Each structure stands twice: as structure tokens, then as C-alpha cells.
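Mentor: Let's go through this one together, question by question. Have a look at the model first.

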Amino acid sequence: MKKITIAEMAKHNGQTVKLGAWIANKRSSGKIAFLQLRDGSGFVQGVVVKAEVGDELFATAKGLTQETSVYVTGEVKEDERSAFGYELAVTGIEVIHEAKDFPITPKEHGTEFLMDNRHLWLRSRRQHAIMKIRNEIIRSTYEFFNDNGFVKVDPPILTGSSPEGTSELFATKYFDEDAYLSQSGQLYMEAAAMALGKVFSFGPTFRAEKSKTRRHLIEFWMIEPEMAFIEHAESLEVQEQYVSHIVQSVLKNCKLELERLERDVSKLEKIKAPFPRVSYDDAITWLNANGFDDIKWGEDFGAPHETALAESYDMPIFITNYPIGIKPFYMQPHPERDDVVLCADMIAPEGYGEIIGGSERIHNYELMKQRIQEHNLDEDAYAWYLDLSKYGAVPHSGFGLGLERTVAWISGVEHIRESIPFPRLLNRLYP
């Protein structure tokens with residue numbers, strides 16, 4: 001008898017198989033017990049008929065508790081009533097370990113309780129679906145960049161400086177020197193792009209700021225491509241093609257998971273390049289004309305502003321050409337204006353906010369040196385970065401996509417922390 005996973009059941013229709021699984025839930029009558037089985041690859045219903053298995057096995061089935069681990073044998077059968085399409089006609093049960101008093105029961109629990117028990121909450125159908133979608137976004141990310149000639153490069157997690165030039169860094173000691181947890185791999189990726197042309201990284205990033213909203217995390221994962229000889233407008237095209245690709249990949253490969261989350265897929269089916277572009281100037285004018293008197297030109301958008309702007313569209317939008325004073329030092333100035341830079345934030349629809357920030361990078365040595373000085377950054381610490389614009393400088397652009405917020409948007413979940421495998425201690429300190 002072959003041991004298979006739930007995900008492989010379609011290949012074994014009509015055959016007797018063995019599954020290793022946990023009891024997610026169960027219900028029973030006097031004659032039939034229905035076991036909700038999960039094994040990590042999926043969920044399936046196991047049906048135990050008393051008349052077919054006998055009193056002893058049926059009693060075992062009725063006595064199974066939530067999260068008890070078992071080996072189950074039975075025949076794979078098609079079932080049109082099931083979203084999965086199959087069920088298991090159970091003929092044998094071997095209890096591996098009996099679980100008692102599992103704390104997360106099939107009832108409503110508060111977010112705080114679930115986050116405190118995240119190590120167990122991951123076993124739920126909802127979390128399973130979110131993690132499968134997250135995995136598909138990661139898989140399709142590698143697919144997109146590999147298919148488009150990008151090389152994967154891994155920047156360091158411990159760094160000696162901040163690419164954003166801010167103080168929101170987790171400090172540590174690197175032997176006798178100061179070091180920080182990476183806020184972004186961008187500067188290192190720019191160096192890699194000067195060697196390899198088109199590169200991308202995918203790794204953890206950190207923000208030493210209290211995560212007080214449902215849209216912010218202290219630790220999250222970021223995809224950061226950098227591209228030599230690519231100017232701002234070309235970069236926007238790459239961004240919208242990439243986001244369209246991952247959305248369409250989830251629609252194709254995670255139908256069951258989206259259904260489990262009750263996601264309105266009609267909203268995702270519209271996500272195809274090109275995306276609308278709105279200048280920062282026009283965005284401010286629109287906001288002021290529509291009752292937002294709490295923001296003026298030169299200030300950055302808050303969540304309510306981003307949501308209002310995005311509600312006018314049914315797909316992501318680019319907000320372009322922000323004021324130079326609210327953006328990092330490395331962004332290329334607009335060729336026709338000295339008050340804005342060649343940059344864009346991609347705002348997701350449905351109130352999920354910014355998922356991508358990107359820009360063309362400065363490639364003029366004197367201008368880069370001037371900007372470093374204007375931001376009061378340590379020139380010695382950035383000497384290696386200045387070398388990029390000193391030796392064979394070329395126009396180049398890049399962007400960063402926040403994975404967790406993108407997962408939250410595509411999954412349609414309300415709380416961004418549902419989209420990370422485990423919350424870190426600091427995230428729990430600042431709910």
C-alpha cells in the first residue's frame with residue numbers, strides 16, 4: 001500500500017492508500033463519522049461508515065480529538081460536493097499521538113490570542129491558505145526574474161550604514177565596530193547591477209519603529225531588483241509586469257486557497273499591466289479638492305490619503321515624482337524640475353497601501369557627493385557607494401516590493417501580520 005499526501009490523491013483515484021495526517025475537526029452521527037484531515041499539503045474529508053468498518057474502528061474514529069496525529073488508510077473517491085474534489089473512504093486508523101485540550105478550537109478567537117498562539121494557529125485552514133499563497137508569490141517571483149534575465153544576489157543583513165539615511169535602525173556590534181540590521185539591500189544591489197546588469201535580492205529587512213498599525217511590521221521580507229541602463233519609465237513597466245505576473249500566478253495556482261479565504265477573485269482578475277500613473281502634484285490637488293485639508297504639497301501621504309487615491313481605480317496605481325525633500329538622497333532629480341525626483345510608489349487597491357517604492361538612481365558623482373553631504377551622512381561610510389558613480393557610471397533604476405503587504409492584499413486579509421509565518425517578539429510588544 002502506497003503512502004501518499006493529500007495533494008497527490010487525484011493521481012490515485014479508486015486506489016487504497018495510506019495518509020499521515022492530523023485531525024483538524026470531526027463530526028459524527030450514530031452510523032457515520034466525518035474526519036477533517038490535514039497533512040500540510042492540503043485538507044480532505046475522511047468518511048468512516050460503521051457498517052463497513054465495525055464497532056471498534058468506528059469507536060476509535062468517534063473518539064479522535066482535534067490535532068491528534070494518525071495514519072489513515074482508505075480508498076480515494078471522487079466527490080463533486082467537495083471543493084477539493086475527493087474524499088477518503090476510511091478502512092483503517094492508527095493513532096500516532098493523542099492531542100488533548102488543543103487551545104484553538106473551531107470558534108471565534110481574538111487576534112491577540114491567535115498571535116500569542118501563532119505556532120499553533122498556523123495549522124488552521126485560513127493560515128494554511130495564506131501561506132500557500134505566500135509561497136506561490138515567492139515561486140512566481142523567482143520565475144519572473146529568472147525568465148527576464150535577472151541574477152539573484154544576496155546582500156548582507158549586517159550593514160555599516162543606512163541606505164535611507166534614517167535613524168530607524170537596529171544597532172549591534174560587529175566586533176569593535178557599530179553595525180545595523182539591514183533596512184534595505186538596495187545600495188549593495190546597485191553595486192551588483194554594475195557587475196551583472198540586472199539583479200534582484202529577496203531577504204529580511206528591519207525597521208526600528210513601533211508597529212502600531214495593521215499595515216506595518218518591524219521585520220518583513222523584501223524583493224529588491226536593480227537594473228543597469230534602465231531609466232525611470234522603463235522601471236515602471238518592469239514593476240507593473242512583475243505585479244501582474246504574481247497576481248495571475250496566484251489566480252491560476254491557488255484557486256482553492258482563494259476560495260477558502262472567500263477572496264473576491266474578480267478584483268484580482270483585473271490586475272493586468274499597464275497601471276495608471278498619477279503625479280504627486282495631481283494627487284495633492286485631488287486630495288485637497290476632496291476634503292483632505294490635512295496635507296499640503298511637500299508632505300508625504302498617510303494611509304487615509306493612499307486609500308482615497310486608490311479607491312478611484314480598480315487596480316494598482318503609480319504616484320510619481322515626489323518632492324525631493326521627502327525622499328532618500330540617492331534618487332535622480334527630475335530633468336525639468338529641481339523640486340521633485342524620478343520616483344514612484346505603487347499603491348495597491350482596496351486600502352492596502354504602498355506595496356512598491358522605486359526610483360531612478362543618481363549616477364553623477366558630484367551630485368551624489370553633494371546629496372550625501374546635504375543629508376549629513378558619513379562620507380567615509382559611503383565612499384564605496386560613491387565609487388559606483390565614479391567608475392563607469394550609467395543610468396540605473398530599482399525598486400523594492402514588500403512581501404507581507406503584497407500577500408495581505410492578494411489574499412484579501414485584514415491584518416498584515418497574518419501574512420508572516422511567525423511574529424517576532426518585538427512585533428508582539430507593539431500590537
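Mentor: Helices (H or I, at least four residues) and strands (E, at least two) are DSSP runs, numbered from the N terminus. The model is predicted: local features need pLDDT of at least 70 and side-chain atom pairs count only at pLDDT 80 or more, while totals for chains, interfaces and linings use all residues. Residues are numbered from 1 along each chain as its sequence is written, and side-chain values use heavy atoms, with hydrogens and water left out.

Trainee: Just after α14, which residue takes a positive phi?

Mentor: Helix α14 covers residues 403-411, and nine of its nine residues are buried, so the rest of the structure largely encloses it. Buried means under 20% relative accessible area, exposed over 50%, and partly exposed in between (1.4 Å probe, protein chains only). Among those buried are Glu404, Arg405 and Trp409. Just past the helix, the residue with a positive phi of about 80 degrees is Gly412.

Trainee: On to the open sheet: how many bridges join β11 to β12?

Mentor: The eight strands run in the order β7-β11-β12-β17-β16-β15-β14-β13 with mixed pairing, and the edges, each paired on one side only, are β7 and β13. Two strands pair if DSSP finds at least two bridges between them. Phe206 stands opposite Glu219 of β12. For antiparallel β11 (198-206) and β12 (219-228), the bridge count is nine.

Trainee: At what angle does α6 run to β12?

Mentor: Helix α6 (residues 186-196) lies across β7, β11, β12, β16 and β17. Axes are lines fitted to C-alpha atoms, for helices over the stretch in contact (heavy atoms within 4.5 Å), and angles run from 0 to 180 degrees between N-to-C directions. On that scale, α6 runs to β12 at about 30 degrees.

Trainee: And are α10 and α11 roughly parallel or roughly perpendicular?

Mentor: Their axes are 11 Å apart and the packing angle is about 95 degrees. Under 35 degrees counts as roughly parallel, over 145 as roughly antiparallel, 65 to 115 as roughly perpendicular and the rest as oblique. The two helices are therefore roughly perpendicular.

Trainee: How many polar residues does the contact of α10 with α11 have?

Mentor: Ala283, Trp286 and Leu287 of α10 meet His305, Ala308 and Leu309 of α11. Ala, Val, Leu, Ile, Met, Phe, Trp, Tyr, Cys and Pro count as nonpolar, Asp, Glu, Lys and Arg as charged, and the others, Gly among them, as polar. Besides five nonpolar and no charged residues, the polar count is one.

Trainee: Which side chain does the His305 side chain join in a polar contact?

Mentor: His305 is buried at a relative accessible area of 7%. Leaving aside neighbours within four places in sequence, its contacts include Leu287 and Phe292. A polar contact is a pair of N or O atoms within 3.5 Å; within protein, one must be able to donate a hydrogen and the other to accept it, and residues adjacent in sequence count only if both atoms are side-chain atoms. At 3.1 Å, the partner is Asp294.

Trainee: What about Arg38: which side chain makes a polar contact with its side chain?

Mentor: Arg38 sits in strand β3 (residues 32-38) and is buried, with a relative accessible area of 8%. Ile6 is 32 residues away in sequence, yet 7.6 Å away C-alpha to C-alpha. The side-chain partner, at 2.7 Å, is Glu67.
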